[in-house]
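Subject: Structure handover

Hello,

Here is the structure I promised to pass on. Please open it beside this email and follow along.

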Amino acid sequence: MRALTLLLAVVLLGTVPARANKVDFSKAVVLTSRTPDPLVAKAVRVLREEVYKRTGLELLRVHKPPKAGQPVIVVGLWSNLARSGWPGCADLAGKKQPGREGFALWISKNAAVVAGVDPRGVFYGVGKLLRQAELRRNSILLPDDLSVTTAPRYPIRGHQLGYRPKTNAYDAWTPEQFDQYMRELALFGANSVELIPPRTDDALTSPHMKLDPLDMMVKQAAIAASYGMDVWVWYPNMARDYSDPEIVQKELAERETVFRRVKPIHAVFVPGGDPGDLHPDQLFPWLDSVAKVLHKYHPDAKIWVSPQASHVTQDWLDAFYRHVNRKYPWFGGVVFGPWVKTPLPEMRQIVDPSIPIRRYPDITHSLSCQYPVKDWDLAFALTLGRECTNPRPVAEAVIHNAFDEYAQGSLSYSEGINDDVNKFIWTCLDWDPDTPVIEILREYARFLIHPDVAEGVAQGLLALERNWVGPLLSNSTVDVTLQQWQDMEKNASPAVKRNYRFELALLRAYYDAYVRARLIHETALQAQALGVLEQADRLGSLLALQEAEAILSKKETEPVARDLRKRCWELADSLFAHIGAQTSVSRYQAQPGRGDYMDHIDDPLNDVVWLTAQFARIRELPDEKARLQAIHELLHRTDPGPGGFYDNLGITIETPRLAPYPSWEEDPGSLKSPRVSFGVRLRGEEWVHTVQAVGFEGRPTPLAWANQLTTLYDTPLSLVYTDLDPNASYTLRVAYTGRFGAKMSLTADDSIQIHPFLQTGDKPVWEFEIPQEAVKDGKLVLTWRAAPGERGAQVAEVWLMRK
């Protein structure tokens with residue numbers, strides 16, 4: 001946390017560089033060849049259209065240089081411009097060209113020149129010009145020192161744009177909205193999109209859809225192709241039994257329909273699992289059959305595969321990499337994404353150097369995901385949940401740059417518009433990993449919102465990320481962030497206020513502040529209620545319970561910050577109207593757990609649910625003595641007794657008792673280090689989309705059970721106790737909660753078994769005796785391990801009690 005906090009502070013507090021003097025291109029013409037390449041022609045068209053939208057100026061397209069002194073924007077292929085003699089192009093022939101898809105962009109007196117190495121380079125050069133321009137009504141200004149020569153570091157740069165019900169907005173979009181979004185991604189350097197077929201791990205349709213899913217997929221592919229983008233298809237294996245010839249033929253027939261209609265397709269990505277459950281020895285022969293169908297319509301397309309599986313074993317992985325390294329003719333490469341056990345550097349060593357690796361980063365989720373928010377406060381997990389608006393520019397840069405050199409770029413995993421900022425961060429860093437985050441944000445805000453709010457929005461997005469750093473209760477930054485966004489809201493033009501990107505960030509600012517206000521209020525109420533229970537001996541048990549419950553009920557009877565809540569709903573309504581953002585199941589027909597954070601805006605942030613249930617239980621006890629004893633035990637639930645130790649492990653990965661692990665910056669996906677996870681686990685269910693303070697047959701639970709310290713797969717989870725009494729005996733009490741419900745073992749000092757592999761998820765709290773020999777040196781190391789094939793070890797609370 002310290003490194004991330006410092007990085008955020010440096011970005012936020014850094015000086016704002018003054019932009020260079022401006023050159024006025026408001027009266028410019030666009031000079032280009034008469035018969036350009038189709039993508040070059042598209043670039044010119046996009047330039048003129050985007051300028052017109054923002055300025056009302058129609059840039060005249062010409063094919064001969066204008067008269068002397070006329071501002072001109074020259075757009076074309078490097079090879080053509082070098083011999084054109086056009087304004088600003090005199091020195092082009094002697095310049096060294098950048099690599100594929102690269103361009104040069106510079107200002108020479110009253111000429112702005114975009115010279116692309118190839119057609120894509122021309123388009124990306126136009127994108128850079130638009131991102132650097134200040135476009136206002138009847139005004140086009142460019143910095144006079146603008147000079148860029150660049151090519152992308154990585155050849156794969158894109159995002160998944162699935163048209164399916166599970167997404168939090170895309171299923172409500174029209175072809176025109178997808179067109180604009182793909183255009184904007186391309187203008188920032190994206191060269192790929194990934195589409196999703198009609199049948200996946202999802203419903204077949206949604207009430208928001210404007211078109212049949214396959215019809216929309218056809219249109220999406222055509223739109224992407226019009227911007228020179230590669231089209232990928234994420235195609236999971238959804239059948240139950242691929243050994244059944246009838247099922248196989250049905251699956252192949254479905255794919256043939258998709259492959260025949262969707263044009264173009266450059267690659268198909270098939271996850272090894274989640275969804276799908278094929279052993280590699282069955283998966284790869286099946287993909288050989290898929291490839292034959294694919295190549296009937298797209299002969300050059302390749303199939304990429306990920307070693308993604310819900311319960312992966314070493315045998316599964318060995319078989320997977322054995323098939324990968326056989327380099328089948330149809331095989332394109334390996335995808336590193338969610339639920340891949342092999343760390344990317346190790347994958348690069350295992351896979352033949354000639355085989356490319358593509359990243360599939362989950363940029364859309366905040367918890368229960370590949371890259372969860374580090375040490376996220378439980379109040380946010382309970383309310384904002386897994387799929388909220390989540391600008392994480394600094395964190396995403398750390399995640400990207402930790403492993404970028406091991407892959408050929410990325411196509412992100414996205415479930416909607418909530419991760420919009422993160423998409424542009426990844427695209428720009430795939431182009432150049434050294435790009436400063438703040439510069440990406442300034443271009444994002446300047447071009448996609450408005451130049452007048454560019455600096456405020458850029459810094460405001462960083463402030464939103466800092467809202468999530470550290471304990472919310474003490475994070476007064478949240479209130480400052482809201483004030484900054486309210487200032488922008490007050491002074492913004494109507495167009496900016498209607499801009500959905502501005503609304504997304506503004507809603508988060510209000511929401512965060514509302515949650516913090518509630519957390520302060522409800523934390524105080526719980527402290528007051530427990531204070532009353534401390535006087536139960538004097539008041540009597542029943543009166544103490546009554547008064548404590550009345551205090552806790554003030555969450556409802558005396559709510560706080562209702563003006564913030566009201567503004568959140570107003571913005572949510574507006575976002576649904578503007579882009580179909582589904583932040584509520586009841587109000588906007590969202591999919592449960594998929595961006596429905598408005599439904600959880602008032603969820604309890606203290607232990608009221610559990611305490612109320614305990615009060616009811618205590619009232620049923622037969623006499624005053626029993627009730628007072630139960631109240632005492634409730635108040636002392638976490639007390640380990642004299643000489644003992646208690647740890648609530650689900651708060652931070654930097655708990656002092658934790659054994660040494662790689663830092664978050666070194667291992668942001670926590671494949672070799674712990675993470676904080678959320679969810680109690682409902683008996684009989686492995687997955688719930690929202691964090692709930694219930695579990696174990698639906699009984700209310702303490703909030704301390706709603707988050708845990710987690711290690712993935714076979715990474716051990718170790719705690720170190722020092723300064724123990726070497727002559728004492730200790731009892732260990734431990735709360736095993738979490739959505740994995742895995743089989744785990746526990747050893748002391750890596751040699752003494754405390755318990756063998758046991759199935760968690762059946763009951764929360766266990767007790768075990770610690771052999772005296774384990775503490776005779778005054779030190780104790782406790783190590784939990786998940787059984788082979790399990791997702792990982794999870795521990796919520798630990799009491800080490802001295803007898």
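Below is what I found, taken region by region.

One caution before you start: this is a predicted model.

**The three-stranded sheet**

Start with strands 1, 8 and 7. They form an open sheet in the order 1-8-7, and the pairing is antiparallel. Which strands stand at the edges? They are strand 1 (22–24) and strand 7 (134–136), and each pairs on one side only. Neighbouring strands here are turned by 25° against each other on average, ignoring direction.

Look next at strand 7 and strand 8 (residues 139–143). These two run antiparallel and are joined by 3 bridges. Within that pairing, L135 sits opposite I140 of strand 8.

Two helices lie against this sheet. Helix 2 (residues 38–55) packs on the sheet and touches both strand 7 and strand 8. The direction of helix 2 makes about 55° with that of strand 7. Helix 4 (residues 119–132) also lies across strand 7 and strand 8. Helix 4 runs at about 105° to strand 8.

**Helix 4 and helix 14**

Helix 4 has a helical partner as well. Its axis and that of helix 14 (residues 437–448) come within 8 Å. The two axes cross at roughly 80°, so helix 4 and helix 14 are roughly perpendicular to each other.

Which residues meet here? From helix 4 they are K128, L130, R131 and Q132. From helix 14 they are E443, R446 and F447. By type, the residues of this contact divide into 4 charged, 2 nonpolar and 1 polar.

**Helix 20 and helix 25**

Now move along the chain to helix 20 (residues 541–552) and helix 25 (residues 624–635). Their axes come within 9 Å and cross at roughly 40°. Helix 20 and helix 25 are therefore oblique to each other.

On the helix 20 side, the contact is made by S541, L542 and L545. On the helix 25 side, E624, R627, L628 and I631 take part. The residues of this contact divide into 4 nonpolar, 2 charged and 1 polar.

**I618**

Please take a look at I618, which belongs to helix 24 (residues 608–619). Is I618 buried or exposed? I618 has a relative accessible area of 0%. The cut-off for buried is under 20%, so I618 counts as buried.

What surrounds I618? Leaving aside neighbours within four places in sequence, I618 is in contact with L545, R627, A630, I631 and L634. Among these, L545 belongs to the helix 20 side of the contact described above, while R627 and I631 belong to the helix 25 side. A630 is 12 residues from I618 in sequence. In space, the C-alpha atoms of I618 and A630 are 6.5 Å apart.

**The four-stranded sheet**

Last, there is an open sheet of 4 strands. The order is 18-30-24-27, and the pairing is antiparallel. Strand 18 (645–648) and strand 27 (765–770) stand at the edges. Each has a single partner strand, so one side of each is left without a neighbour in the sheet. From one strand to the next, the twist averages 15°.

Strand 24 (residues 730–735) pairs with strand 27 in the antiparallel sense, over 6 bridges. One residue pair to find there is R733, whose bridge partner in strand 27 is E767.

Best wishes

Conventions. Residues numbered from 1 in each chain as written. Predicted model: local features only at pLDDT ≥ 70, side-chain atom pairs only at ≥ 80, totals over all residues. Heavy atoms only, no water. Axes fitted to C-alpha atoms, helices over the stretch in contact; angles between N-to-C directions. Parallel < 35°, antiparallel > 145°, perpendicular 65-115°, else oblique. Contact = heavy atoms within 4.5 Å. Nonpolar A, V, L, I, M, F, W, Y, C, P; charged D, E, K, R; others polar. Pairing = 2+ DSSP bridges. Buried < 20%, exposed > 50% of the residue type's maximum accessible area, 1.4 Å probe, protein only.
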